[in-house]
Every structure is written in structure tokens, then in C-alpha cells.
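Subject: Structure for your review

Dear colleague,

Please find below the structure that I am handing over to you. My notes on what was found in it follow directly after.

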Amino acid sequence: MKKKFIYIAYTGGTIGMQKSKRGYIPISGYLQKQLLKMPEFYSKEIPNFIIKEYNPLIDSSNMTPIEWQIIADDIEKNYHKYDGFIILHGTDTMAYTASALSFILENLEKPVIITGSQIPLSEIRSDGRQNLLNSLLMAANYPINEVTLFFHNKLYRGNRTTKSQANSFDAFSSPNLKPLLEVGVNVRCFYKKKIKQNKKKLKVYQIAPQPISIITIYPGICKKIIQNFLLYPVKALILCTYGVGNAPQNKGFLKELHLAYEKHIIIVNLTQCASGRVDMNGYATGSSLIKVGVISGYDLTIESALTKLHFLLSQNISKEKIRFQMQNNLRGELTEPVK
């Protein structure tokens, strides 16, 4: 059987960094040199691969929607030449990029896996070796044709992930959806493949940076704070509320939200809790938000909600259509309520 050929886009991040007097820094060509010292990457079980190193290599803290578009356009350019794609990326904003790419890339028929490491590949205790080896194996032998994130033996749906541990190899979690695959002695598959009718051509959307605010509700929050977060040119606000979507009943606070709604600012309600979903009909403190124009984000992660807003606000569609689509499941990013 012919070996699969995987395209690796190396954007930067810890996996390819080198130690310096100023801490770990990305160095051009350093990752490739480390891989050449590791024969397991060239064994017969591993698919063929090519590495495209981005210039400049960037720490993921510096990622923006502009870089999301560059990665998506790179995949589009090489889509028909390779059997799958791996994006090497820093962990800090990996979940944001995974979510963004899931919206930008529509009708994927090939796997796109984002991975990286907590310790550089050159270090003896690096987790990067296993993350990259397993990502190559998953892309070649267990392809799931969507944007996924592989870390610490688990393959997650990209737009369901969040970085939940700063100092652990098990850095990522998917609070409201089980991993799609888990690698142990055997590969355990939890993913039910959908039978697709009428294959469609890959569509790559264009996105641009959008002015979006995120505010976490806390006891005693005043309307002035809300006012500042809703100043022009803000187009959307992510409101992180208590529990199942509850917020203060302060009249000034609710009035500011309603004024924002009348200015066509989209306000999405997410829970502050690590897992679970928003249900604004559960309590009076939640239903009052519905009355002032706030919409439910259900069980979207903050990363997914933010990138979905960037995506939708970049399209030539009405604010009402955006409000509808924020509550509609586009790429498996949310669990729609039972109707």
C-alpha cells in the first residue's frame, strides 16, 4: 500500500524552540535538525511528510485572525497534494486557532490536526515527540475529516477544546464533548463517522479581525463597566455569566445591554463554569437577559464563541442572521438543545 503523504505547517511554538539566555525562543531550522536525530520519524510505520516552516516563526501569544487566515490559505493551496495536514502551534492559543480553522474551512474531506508540546522537542522530557508521532499516525491511519487537536494521547474536536492546565502534559480538555480518539495500548475510537452524500468542494472563507469584547460577570459589577466594554466600534460582546446563564438584576446593567442590542451589538451568554451549558429559561435572572436581547451560547467554549463571531462578522450577512447562526450548530461546535 502506498504511504500517505502529510503536510506539516510549522507556525512556531514551544515544540521547535531552543533554550537561550532569554528563555525558550523559536529558531529557524532547529525543529528539522532535531527530527533528523530521531529515526522513529522515518520508520516504515510513519507516513511520509514534508515540513513547511513559516516565516517568521511566532509564539502563539502573538497569533491573530490574520495568522488564522494565512494557515487556512496555506491548507487550501496544498489541499490536493497531500493526504492530511498537521499544524505545529504553541499551546497558549492553540484552541483558538483550532476553533477558527474549523469555521474557515468548510467541506473538509481530509484531516487537519493541530498539535504542539509543553516542552521543546530537543529536551529529553519533551512531550512533543509523542504528540507529533501520534498526530502523523492518526492523520494517516485514523483520518477524521475535520479540524482536530491532538495532545497527550487524545484527539479532540478542535472547536470544543480549551487549554485547562498550564503546567501539565495533559494541557487540553474538551468540557462538553468526549475525545474523538484516545491512544493507549490500542486506539480507542469514540467517533461515529457520518455518511456523507454528494461530496462538496472545499470552501475557504475569508475573515478579518473584529472588535469583540469579553466580560466576566462578578458580584457588584456596575453599569459603567458594561458601558466601557460596549463602546464603539465594538460589534459583539461575550458575557460570561453565573451557572446556567444568570446575571444581576440591576436595572442599569440590564438597560446597558438593551441599548447595545438596539445598536445591533450581538451579545452572547456563556457560562463561567468549566463545563455545562447556558439555559436562560431556568431562572428569572436568566430570562431577564432574553428580554434585553441577549442570546444563548449554549455550551460553546469561549474560544469557539470568539472565533465563530470573528467568522460570522466577516461575512456579508445581516446581524439577525449572525444571531441565528451563533445558536446554530455549524461545525459540531455546540450541542443544540432538544426541541
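Which strands does helix 9 lie across? Helix 9, made up of residues 319-326, lies across strand 17 and strand 18 and runs at about 15 degrees to strand 17. Please bear in mind throughout that this is a predicted model.

The sheet with strands 15 to 18

Strand 17 and strand 18 belong to an open sheet of 4 strands, ordered 15-16-17-18, in which the pairing is parallel. Strand 15 and strand 18 (295-296) stand at the edges with a single partner strand each, so one side of each has no neighbour in the sheet. Between strand 17 and strand 18 there are 2 bridges in the parallel sense, and Asn 269 stands opposite Ser 296 in strand 18. Helix 8 also packs on the sheet, where it touches strand 15, strand 16 and strand 17; the direction of helix 8 makes about 165 degrees with that of strand 16.

Strand 15 (residues 212-216) is joined to strand 16 (residues 236-241) by 5 bridges, again in the parallel sense. Ile 215 is found opposite Leu 239 in strand 16. From strand 15 the chain passes through helix 5 (residues 223-229) to strand 16, a β-α-β crossover that is right-handed.

The sheet with 8 strands

Another open sheet holds 8 strands in the order 4-1-5-7-8-9-12-13, with mixed pairing. Its edge strands are strand 4 (48-53) and strand 13 (187-189), each of which pairs on one side only. From one strand to the next, the twist averages 25 degrees.

Strand 8 (residues 147-151) and strand 9 (residues 154-157) run antiparallel and are joined by 4 bridges; Leu 149 stands opposite Tyr 156 in strand 9. Helix 3 (residues 94-104) packs on the sheet and touches strand 7 and strand 8, its direction making about 155 degrees with that of strand 8. Helix 2 (residues 65-78) lies across strand 1 (5-10), strand 4, strand 5 (84-88) and strand 7 (112-115), and runs at about 155 degrees to strand 5.

The second largest pocket

The second largest pocket has a volume of about 330 Å³. Its lining comprises 25 residues, with Thr 162, Ala 274, Thr 301, Ile 302 and Glu 303 nearest its centre. Helix 3, strand 10 (162-163), strand 17 (266-271) and helix 8 (302-313) each supply at least two residues of this lining; helix 3 gives the most, with 3 residues. By class, the lining has 10 nonpolar, 11 polar and 4 charged residues.

With kind regards

Terms used: Residues are numbered from 1 along each chain as its sequence is written. This is a predicted model: local features need pLDDT of at least 70, side-chain atom pairs count only at pLDDT 80 or more; totals for chains, interfaces and linings use all residues. Side-chain values use heavy atoms; hydrogens and water are left out. Two strands pair if DSSP finds at least two bridges between them. Axes are lines fitted to C-alpha atoms, for helices over the stretch in contact, and angles run from 0 to 180 degrees between N-to-C directions. Contact means heavy atoms within 4.5 Å. A crossover is right-handed if, with the strands pointing away from the viewer, the path from the first strand over the helix to the second runs clockwise. On a 1 Å grid over the protein atoms alone, a cavity is a set of points where a 1.4 Å probe fits but cannot get out, and a pocket is an open set with protein on both sides within 12 Å along at least five of seven lines; lining residues have an atom within 4 Å of a point. Grid points are joined across faces, edges and corners, and a volume is the space filled by probe spheres set on the points. Ala, Val, Leu, Ile, Met, Phe, Trp, Tyr, Cys and Pro count as nonpolar, Asp, Glu, Lys and Arg as charged, and the others, Gly among them, as polar.
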